[in-house]
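Visitor: I should like to take a close look at a single part of this protein. Please begin from one residue and work outward from there.

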Amino acid sequence: RILKQPQEEENATKEEEEQSSVTTSRDFMALAIQHAQSVYQEATKDQGPDVTESKPLRILQQRIRFHQQLLDAYTILYNYECSSYGNNVSVVATQSKNMEGQEEVEVFQQQHYNRQNVNTKTILSASTRWALEASSWISTYEMTTSESLDANVVKMKEQEKPHMTLSEFAKSVASIKHVKENPTAAQGTSGYYQIYWSDSSKTRKEALRHVFSPLHSDIFHYAVVNDILSKLGLMQDLDYLQRCFGEWMMGTELHHPSYNDALSGDVINEQQKPQNQQQQQQSSMKRWIQDMVGRDVDALLEKILEEENQKPIDDNISENQNETGQDGDVAISQQQEGAGEEKRKGPPILVLKALYDFVRESSDLVRAFVLATVCREAIAVVVKKREIKTYGRVWTSEVIEPWDRLLRKLRVCLLIRLRLHNMPLGSFPITVKHVEDPEIFSIHEWVARDELAMSHLHEEIVSLEKATAISSVVLDPSNEAADEQWQMIQHACLSSAVSDQERAEYLVGMEVNLQGALLLYLSNHNNPPILVAHRALLIAQMWLETPKRLELMRNCIDALFALEETGEYAVLAGAIRLEVWQTCIRPVFRAHLFGFDNVPEIQQSLYAPLLETPGWLGSLGKAGLSILTLIARVEYCQDRTLKMPEDRSGGRGWPPIREDLILMRIISQYRQTHINAIDAHRVVVAGCVVSTDLETLCQCIVGFYECFDTHALFDATSLSPDGDAGKQLVFLEQSIIERALAFQKPILERFDIDEIETLSLLWSIDVRDVRTIFLLAMYELAKDTVVDDMLTKVSSQRGMDMERFIEDGLGIVCHRLNYLLHIKRTPETRKILGMLDADTCEWIRDQAETTASLLDSDNGETDRMVLDVPIQLTHIFVMRLLSLASAAGSEKETRLKIHSVSVLSGTIQNEL
């Protein structure tokens, strides 16, 4: 009830506050605690020291201590915030000073960022390089993403409340039921209980922002944070404090001047030494974390001493001098001379482990990099002093090495995150911990995405992979050599933001200022068989999202063709091809034939309009036939292993080469397909491409209604391409006629009837018959000029049924001449009838009346043959038939009939 008392209005006048006996919630809470203490003393004044307190009294005493600690901690915070926000002049002056320092750092950074052909190792220390890289990642991120890193951060603005209320502070901590007794505090002293923040990050976020806000001020205010934490009894729980500090940093502005002090201050001091110690230690944040490092290192040293059974460190020894008065660095160097046997043996020392783990798990990579840089610098400063003090029992290089490796891993994560900006990279955010988990991400998939961001053409990507494999610009960001070339890595991130027209320039960068493909930095993952498999899957997914773009499916087919069908990657080829069929082609044809009700894989609103678009289904069907052919070409094997490339970095590269979880998941689902089921699907797909007569098509195969089911390709008995042979022939002829009717090109350069020929092969029908019917249909449609060249080519190669073509072709000629002489009956034709041979004219009429047309359909359509054809074309056609009959060795009677018809057509041509 005490904590829920209504807070006074913030705009209450001073006069009203003076008149009130209880002016604030703090005073009210103090009064309540005082009253509770008096009640407790009154209840226990007659009890002796050996008398056990009753349970109500123990509860009352616990609550008094709990609320007293809360009040003491809040009072410190309240006093700081009131004084900080009340001095507006000081705040403005501090901000002005920090802005001047920031400008100085930006000028320095630009000078070093644009410096070419300079050995930065001789110019900048390791700490300075890390600080400079951290500040540069901030601008690189914002330039690449066009987003501000502080856009979603709660900012401390002037219009916000000047201080946190007591009720808000009390709600941010755990309830009294969850407090723990502080083992280091004496009973009745300050900090007797350890009062932790609430388990809800949303609840404790505001409190952490206020409690750690003094670290944004100058160095004289960093102790305020420790005072507050001491009152809460948390100063001994170093791991918890580290996590709180990390959480606070993730919720603050990176552009705050205090970060400029924590990072860029060393950069400035590298070139311009400070005039005094106060100027050098201007960062309150840096001082606080250094104190945390010192306590952590001392605790670790105590454990080391216990293990070595040595005496504690003499606190009287100076940090800068040894017992003989020598300089500490000189003493250390003397100990190090000769060999490194004296170096501490055992597990590596990890300082600030809680913060280390926090950074590994952080998805805000830029802030994580900044936090790691601040921690690394603090560790380097503190451990260097401990190294001198302990005569090398703890080595600076050994302690900061884990943080250096962590920073390099964060560099890799930032490269991937920014290089693949706006791309889906998985269901988990990118963190160092997640990348190291082999069950979360596929690094090869990321590389394949980067390749597709530059080009979808398989030939261009193959050239890219070959070029990067031999490039001299290859750089591993996780290697120590990259510490001096991080500008090149950031240029690679910036290149991902260029336009599509400029992207070609970044395929392979050969200069420092022009870097491109991710393969240059993850060269260990340059494995073409694995990458092409990922590209096929990614392009297939792109097509599923935008099925109108059939060029994506063609690019996917190119990638599927490139998969190795034999050898150690044969199982990968079969699994990927089957996966594309199952996810892309199969659902669409299932929906087309049987409706969308039982096809949850695709959206009806997206695919239904496309199925009604002329030509779309045909193009997709051609792709489906290609995929089925590729599936049939892979010989099934039981092996489910996938060979991964060898690690060319000797185990030093990160992320390491490991089993690809995406491809292994697909391989594990790979099943044996059966040729009968594949051929049945090929029949249906080809039939849908060449004709709309599904009623006839369903009678041409066995198991039509089981086609395109999820398990259809694995069924060896239900599906078969064999069906009613008569229906198959009828369907084939109808399909040929439909293709001839739809043909609009000026010249037939090749038989554009691949799907029809596929059907004929599956139904054991001679392909020559198919081509013969197609040519006859084209002549019936009076497309003589279109097929004349193809007729000459096919006849010379014996690629058609000559006897049928000659016989049916002569019938087409008779139809045309009969129409001209007896049906059209123009005045010109009447004049020349007496000049023509009567028997030949009568024979032509009989042939025209008795010979059926290919274009005659079962539904009574008999007038689709084009009869009004120029006599010149008809005469040329007759002469071709005469030539073919002679070449084919036709019967004499047939040749004589053709000769008589040619004489008649020649006479008509001459007279007309």
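Leaving aside its neighbours within four places in sequence, which residues is arginine 682 in contact with?

Guide: In this predicted model, arginine 682 is in contact with Leu625, Leu628, Thr629, Thr758 and Leu762, once its neighbours within four places in sequence are left aside. The residue itself is found in helix α27, which comprises residues 675–690. A further relation concerns glutamate 755, which lies 73 residues from arginine 682 in sequence, while the two C-alpha atoms are 9.0 Å apart in space.

The helix that carries arginine 682 merits attention in its own right. At 1.5 Å a residue, the 16 residues of α27 should span 22 Å, and the end C-alpha atoms are indeed 22 Å apart, so the expected and computed values agree. Of these 16 residues, 14 are buried, so α27 is largely enclosed by the rest of the structure.

One partner of α27 is helix α25, residues 616–633. The two axes come within 9 Å and cross at roughly 165°. Because angles over 145 degrees count as roughly antiparallel, α25 and α27 are described as roughly antiparallel to each other. The crossing is left-handed. On the α25 side the contact is made by Leu617, Gly618, Gly621, Lys622, Leu625, Leu628, Thr629, Ile631 and Ala632; on the α27 side it is made by Ile675, Ile678, His681, Arg682, Val685, Ala686, Cys688 and Val689. Arg682 is thus one of the α27 residues in this contact, and Leu625, Leu628 and Thr629 appear both here and among the contacts of arginine 682. As a general point, an α-helix has 3.6 residues a turn, so residues three or four places apart point the same way.

Helix α25, residues 616–633, also leads to glutamate 565. This glutamate is found in the loop between α22 (550–562) and α23 (570–594). Its side chain makes a polar contact with the side chain of arginine 633, at 2.8 Å. Leaving aside neighbours within four places in sequence, glutamate 565 is in contact with Ala570, Ala573, Arg577, Leu630, Arg633 and Val634.

Two other helix pairs may be set beside that of α25 and α27. Helix α16 (residues 396–419) and helix α20 (residues 486–495) pack at an angle of about 20°, with their axes 8 Å apart; they are therefore roughly parallel to each other. Their crossing is left-handed. Here Arg411, Leu414, Leu415, Leu418 and Arg419 of α16 meet Trp486, Ile489, Ala492, Cys493 and Ser495 of α20. Helix α9 (residues 238–249) and helix α15 (residues 365–389), for their part, pack at about 130° with axes 10 Å apart, and are therefore oblique to each other. The crossing of α9 and α15 is right-handed. Phe245, Gly246 and Met249 of α9 make the contact with Arg367, Val370 and Leu371 of α15.

The setting of these elements is a protein of 37 helices and two strands. Buried residues account for 51% of its 912 residues. Among contacts between residues at least 6 apart in sequence, 76% join residues at least 24 apart.

Technical notes
Residues are numbered from 1 along each chain as its sequence is written. This is a predicted model: local features need pLDDT of at least 70, side-chain atom pairs count only at pLDDT 80 or more; totals for chains, interfaces and linings use all residues. Side-chain values use heavy atoms; hydrogens and water are left out. Helices (H or I, at least four residues) and strands (E, at least two) are DSSP runs, numbered from the N terminus. A polar contact is a pair of N or O atoms within 3.5 Å; within protein, one must be able to donate a hydrogen and the other to accept it, and residues adjacent in sequence count only if both atoms are side-chain atoms. Contact means heavy atoms within 4.5 Å. The expected span of a helix is 1.5 Å times one less than its number of residues. Buried means under 20% relative accessible area, exposed over 50%, partly exposed in between (1.4 Å probe, protein chains only). Axes are lines fitted to C-alpha atoms, for helices over the stretch in contact, and angles run from 0 to 180 degrees between N-to-C directions. Angles under 35 degrees count as roughly parallel, over 145 as roughly antiparallel, 65 to 115 as roughly perpendicular and the rest as oblique. A crossing is left-handed if the near helix is turned anticlockwise from the far one by less than a right angle, and right-handed if clockwise.
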